[in-house]
Amino acid sequence: MKRSIVTLALACTALAGLLLGTAAASAAGPEVVAGPSKDATCFVPWTDKTKFFKFPAKKGPYRIALANGFIGNTWRIQMIKTAKAYADQADVKANLKEFKVVSTGEDIAAQIAAVNNFIDSGYDAVVIDAQNPTAFKSVIKRAQNAGVVLVAFDNTVDSEDIININVDQSGLGKYWGEWLVKNVPNGGTILEVRGVAGTSVDTDRHEAIQKALKDSGKPFNTVEVVGKWDDGTAQKVTADAIAVHKHFDGMTAQGGSTGMVRAFIDAGHPFIPSGAEAENGYRKLCAANAGKGLKCASGGTGPAQVAVAIKTAIEALQGNVVPQSIKLPLAHVEDPNFKDGENYYSKETDNFFVGNAFPTCGINFTAQEIMGQSEQ
């Protein structure tokens, strides 16, 4: 009898260990499965080698948080407003028990602490616009152990253990660079207004612009200034660059494009070819001054990426298959195809990024919907 009891106790202990091991394995991250996803038109894998994730299904509604880093420009403010507008849509709201937004500035440690806090507080998913692409390894491990879905967008994370969502940022830099090569045919001095230092977006765009200029074989040289994707900052650093260098043959801005052009106008500098982002104010200036020599290309990444990230998080929490890396389409327009009411809006504020839609995901916002939200 005693031996039977001991044997039974050992068997129970072994079974408990097996169950604990199974639970730990299930909490160690999503299962890698075959694609495609249920909504293949929205959730497009980055390449044909992209793997697909299937997370354990959770019963909703869910607690989802947005952990933003840098906040000091129009794009980030519009992104937060877009997130809130999307979370407020009836079909999305039905899946949300709570939606919370935190912005931590350029302090990487503070952003990591914010994500960890959401994990410790029992949130089901956290979407991240990462301040640094390589700083989140420990966070990813903690999220996996806690069964929390992490989705990075815009400034993504260098890891295949997290869902990443982005447009082709290098492709956008290549587009601007090649457009300048075509429209500054003899080479020359290019003003490059960069974004926020240390972010993957700034690095990817910058490197692609420089490669396009170098690969042309033409005698280009570049003056770099840091505009932080912000109109006011871009206008000031552009004005300073004009004061020092006197003349440029072309210009490009990752953001703050409206401020960059205004600095050239204020300085009385002749209009030159410009390849830059998709701010409404920039496109308004391009259209108004096309006959005066301001030849423009405008391409960008709408802040509605955040809505795709939230949509993806909900899809993953419901146990549906999603790609580990999702590629979103770019939108661009160039001279002479700027059309009021179609790809820019003369009656709307300058501080609005045009093309804030991803129709393949059923996401489309008007300026009024976005600007009606608070930026808190």
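I take two strands to pair if DSSP finds at least two bridges between them, and I keep to that rule in these entries on a predicted model.

**Entry 1, the parallel sheet**

I started from S7 and S14, which pair in the parallel sense over 4 bridges, and as a check on register I looked up Asn164, whose bridge partner in S14 is Ser325. Following the pairing outwards, I found an open sheet of 6 strands with parallel pairing, and I wrote down the order as S4-S3-S5-S6-S7-S14. Strand S4 (96-103) and S14 are the edge strands, each pairing on one side only. I also noted the twist, which averages 15° between neighbouring strands of this sheet when direction is ignored.

Next I asked myself which strands H11 lies across. I found that H11 lies across S3, S4, S5, S6, S7 and S14, and that its angle to S7 is about 155°.

**Entry 2, the nonpolar cores**

I then turned to the packing of side chains. In soluble globular proteins, nonpolar side chains tend to be buried together. Here the largest nonpolar core holds 44 residues, and Ile163 and Ile165 are the members that touch the most others. I listed the elements that each supply at least two residues of this core: strand S3 (62-68), helix H2 (74-87), strand S5 (125-129), strand S6 (149-153), strand S7 (163-167), helix H11 (305-317) and strand S14 (325-328). Of the contributors, H11 gives the most, with 9 residues.

For Ile163 I looked up the contacts, leaving out residues up to four places away in sequence, and found among them Phe53, Phe55, Val149, Leu150, Val151, Thr312, Ala316, Pro323 and Ile326. Apart from this core lies another of 24 residues, which includes Val225, Met260, Ala276 and Cys296.

**Entry 3, strand S8 and its partners**

I moved on to strand S8 (residues 188-194), where I found 7 of its 7 residues buried. S8 pairs in the parallel sense with strand S9 (residues 220-226) over 7 bridges, and Gly188 stands opposite Phe220 in S9. The chain gets from S8 to S9 by way of helix H7 (residues 200-215), and I recorded this β-α-β crossover as right-handed.

I also followed S8 to strand S10 (residues 250-253), to which it runs parallel and is joined by 4 bridges; in that pairing Val193 stands opposite Ala253 in S10.

**Entry 4, the disulfides**

How many disulfides does the count come to? I noted 2, and with the bonded cysteines of the protein numbered in sequence order the pairing reads 1-4, 2-3.

In one of them, Cys42 and Cys361 have their sulfur atoms 2.0 Å apart, and the link is right-handed, with 95° about the S-S bond. Cys42 lies in the loop between strand S1 (31-33) and strand S2 (52-54), while Cys361 lies in the loop between strand S16 (357-358) and strand S17 (363-364), so this pair ties together parts that are 319 residues apart in sequence. I found Cys42 and Cys361 both buried.

The other joins Cys286 to Cys296, with an S to S distance of 2.2 Å. The torsion about the S-S bond of Cys286 and Cys296 is about -85°, so I recorded this disulfide as left-handed. Cys286 lies in helix H10 (residues 280-288) and Cys296 in strand S12 (residues 296-300), so the parts tied together are 10 residues apart in sequence. Cys286 and Cys296 are likewise both buried.

**Entry 5, the antiparallel sheet and Ser37**

My last lookup concerned an open sheet of 3 strands in the order S1-S2-S13, with antiparallel pairing. S1 and strand S13 (322-323) stand at its edges with a single partner strand each, so one side of each has no neighbour in the sheet. S1 and S2 pair in the antiparallel sense over 3 bridges, and there Val32 stands opposite Phe53 in S2.

In the loop between S1 and S2 I picked out Ser37 and asked whether this residue is buried or exposed. The relative accessible area of Ser37 is 5%, and the cut-off for buried is under 20%, so I entered Ser37 as buried. Not counting residues up to four places away in sequence, Ser37 touches Phe43, Phe52, Val321, Val322 and Pro323.

Definitions and conventions: Residues are numbered from 1 along each chain as its sequence is written. This is a predicted model: local features need pLDDT of at least 70, side-chain atom pairs count only at pLDDT 80 or more; totals for chains, interfaces and linings use all residues. Side-chain values use heavy atoms; hydrogens and water are left out. A nonpolar core is a set of buried Ala, Val, Leu, Ile, Met, Phe, Trp, Tyr and Cys residues joined through side-chain atoms within 4.5 Å. Buried means under 20% relative accessible area, exposed over 50%, partly exposed in between (1.4 Å probe, protein chains only). Contact means heavy atoms within 4.5 Å. A disulfide is a pair of cysteine sulfur atoms within 2.5 Å. Axes are lines fitted to C-alpha atoms, for helices over the stretch in contact, and angles run from 0 to 180 degrees between N-to-C directions. A crossover is right-handed if, with the strands pointing away from the viewer, the path from the first strand over the helix to the second runs clockwise.
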